[in-house]
Amino acid sequence: MVESGLSLMTDLEKMTFKRLSLVAILTGVLALAIYVHPAFAGAAEGLEIIGQPKNWAFGFQPHASPVKLQMEEFHNHLLVPIITGTSLFVLALLIWVVVRYNRHVNPNPSRTTHNTMLEVVWTVVPVIILVLLIVPSMKLLYTADRTQNAEMTLNIKGYQWYWGYEYPDHGGVNFLANLVSEEDLKKNNDPRPRLLATDNPIVLPVDTNIRLLITAADVLHAFAVPAFGVKLDAVPGHTNETWVRIDKEGTYYGQCSELCGANHGFMPIEVNAVSKERFAQWIHAQGGKMPEEIAAEKRAATPAVDKAAGTNLLEPVKNAGEAHAAGTADPTANAKSDKKDAVEGAAKDAAKKKAGAK
Ligand SMILES: [Cu+2]
């Protein structure tokens, strides 16, 4: 068809047609290049890549959240010593048996089959070890479970085979994140690691308690970012909750960690942790609003409610929460003091009211 169409053209028309085709192709390539270029894909300038695997690395990726720090301490200071001690003890017993009771040294073996004392000891000692492990283990599980006072929420949804993200507290900013292919990284001299870089990295503020709500659209996936100590199943029709408080600005990588089909290995997670100011700028660039702005708009719309809030007993709780936002990295310590402040605040208010009534 094209052949016969071309044969009907004059030579001049053919040349023009070829030139126009070339221009069209070049425009297309340029548009694609701009589309996938990291500057347009939202790659973070000046951010150090912290959370990624390294050649010949040993142990964990550097920790970037209090939960991950606790996990590291649990592993390094408790599990490793117990595992090492147990292994060395068993190895010593084996060597002792091999040396002391082999056929040459001990030709007539004893016919002993039971030793009550020994059996009690080898049952009770492991039980004691396990019981001792329960306390820090449960503490860690509950710390990782959820945050008492989330300052913002990130909704995460797994798809075959990419991730979807939504910022419900920021005017519902949402986007999908796909893998950037190795060819595109090379083409753009993009320094980001292969199989981990995405076209739309998640942007999150540092020093903020972030609630993560994780679900899936089709099959089981798992949202995992090693540096955050986060690995949680994404289950269709069910929401799993965890949280993160990122200590340090930088880029962190993770991957889907539940076998979810053919492209399971090609749905990475890329997080750019930035300062709160930069996060606000990013939210605005996405067409979203910061929670304070949304609250201010609501107040402007309903002024009557605002006046009533002045006598609200819940007010001290809110203040305590704000104080916490600027507080230390230990969320449990703050949660306790928040509660205490809130209770004391409420009690003082009640006492004032009583005094006023008299
Ligand atoms: Cu998956």
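Visitor: Where is the place of L195?

Guide: L195 sits in the loop between α6 (182-187) and β5 (202-205). Please keep in mind, as we walk around, that this is a predicted model.

Visitor: Why is L195 called partly exposed?

Guide: Let's count its neighbours. A residue is buried with 20 or more other C-beta atoms within 10 Å, and exposed with 12 or fewer. L195 has 15, so it falls in between and is partly exposed.

Visitor: What makes the phi of L195 worth a look?

Guide: Phi of L195 is near 65 degrees, a positive value in a residue other than glycine. Most residues other than glycine have a negative phi. D207 also has a positive phi, near 50 degrees, and is likewise not a glycine. You will find D207 in the loop between β5 and β6.

Visitor: How do you know that D207 counts as partly exposed?

Guide: The reasoning goes by the count again. D207 has 18 C-beta neighbours inside 10 Å, which lies between the limits of 12 and 20, so D207 counts as partly exposed.

Visitor: Which peptide bond is cis, and what makes it so?

Guide: The bond that joins Q160 and W161 is cis, with omega about 0 degrees. Most peptide bonds are trans. W161 belongs to the loop between β2 and β3 (162-167).

Visitor: What makes the sheet of β4-β3-β2-β6-β9 mixed?

Guide: Two of its pairings show this nicely. Strand β2 (residues 152-159) pairs with β6 in the parallel sense over 7 bridges, while β6 (residues 210-216) pairs with β9 in the antiparallel sense over 5 bridges. With both senses present, the pairing of this open sheet of 5 strands is mixed.

Visitor: Why are β4 and β9 called edge strands?

Guide: β4 (173-177) and β9 (240-244) each pair on one side only. From one strand to the next, the twist averages 20 degrees.

Visitor: How do you know that β2 and β6 pair, and that β6 and β9 pair?

Guide: Two strands pair if there are at least two bridges between them. The 7 bridges of β2 with β6 and the 5 of β6 with β9 meet that limit. If you would like to follow the partners by eye, G158 stands opposite A216 in β6. On the β9 side, R211 has W243 as its bridge partner, and L212 has T242.

Visitor: Which residues of β6 are on its covered face, and which on the uncovered one?

Guide: I210, L212, I214 and A216 form the covered face, and R211, L213 and T215 the uncovered one. In a regular strand the side chains alternate between the two faces of the sheet.

Visitor: Which residues have the most contacts inside the largest nonpolar core?

Guide: They are I156, L204, L212, F228 and Y252, in a core of 41 residues. Beyond its neighbours within four places in sequence, I156 is in contact with residues including L212, I214 and F223.

Visitor: Why is H221 called buried?

Guide: H221 has 31 other C-beta atoms within 10 Å, and the limit is 20 or more, so H221 is buried. H221 is part of strand β7 and stands opposite A234 in β8. Leaving out residues up to four places away in sequence, H221 touches G158, A216, A234, C256, E258 and C260. One of these, C256, is 35 residues from H221 in sequence, yet their C-alpha atoms are 6.1 Å apart.

Visitor: Why can we say that α4 lies largely in the open?

Guide: Of its 35 residues, the number buried is 3, so α4 lies largely in the open. The buried ones are P66, V67 and K68.

Visitor: How do you know that the span of α4 agrees with what it should be?

Guide: At 1.5 Å a residue, α4 (residues 66-100) should span 51 Å, and its end C-alpha atoms are 49 Å apart, so the two agree. Along the way, α4 bends by about 35 degrees at L79, and the proline P81 follows within four residues.

Definitions and conventions: Residues are numbered from 1 along each chain as its sequence is written. This is a predicted model: local features need pLDDT of at least 70, side-chain atom pairs count only at pLDDT 80 or more; totals for chains, interfaces and linings use all residues. Helices (H or I, at least four residues) and strands (E, at least two) are DSSP runs, numbered from the N terminus. Axes are lines fitted to C-alpha atoms, for helices over the stretch in contact, and angles run from 0 to 180 degrees between N-to-C directions. The expected span of a helix is 1.5 Å times one less than its number of residues. The bend at a residue is the angle between axes fitted to the seven residues ending there and the seven starting there. A nonpolar core is a set of buried Ala, Val, Leu, Ile, Met, Phe, Trp, Tyr and Cys residues joined through C-beta atoms within 7 Å. Two residues are in contact if their C-beta atoms, placed from the backbone, lie within 7 Å.
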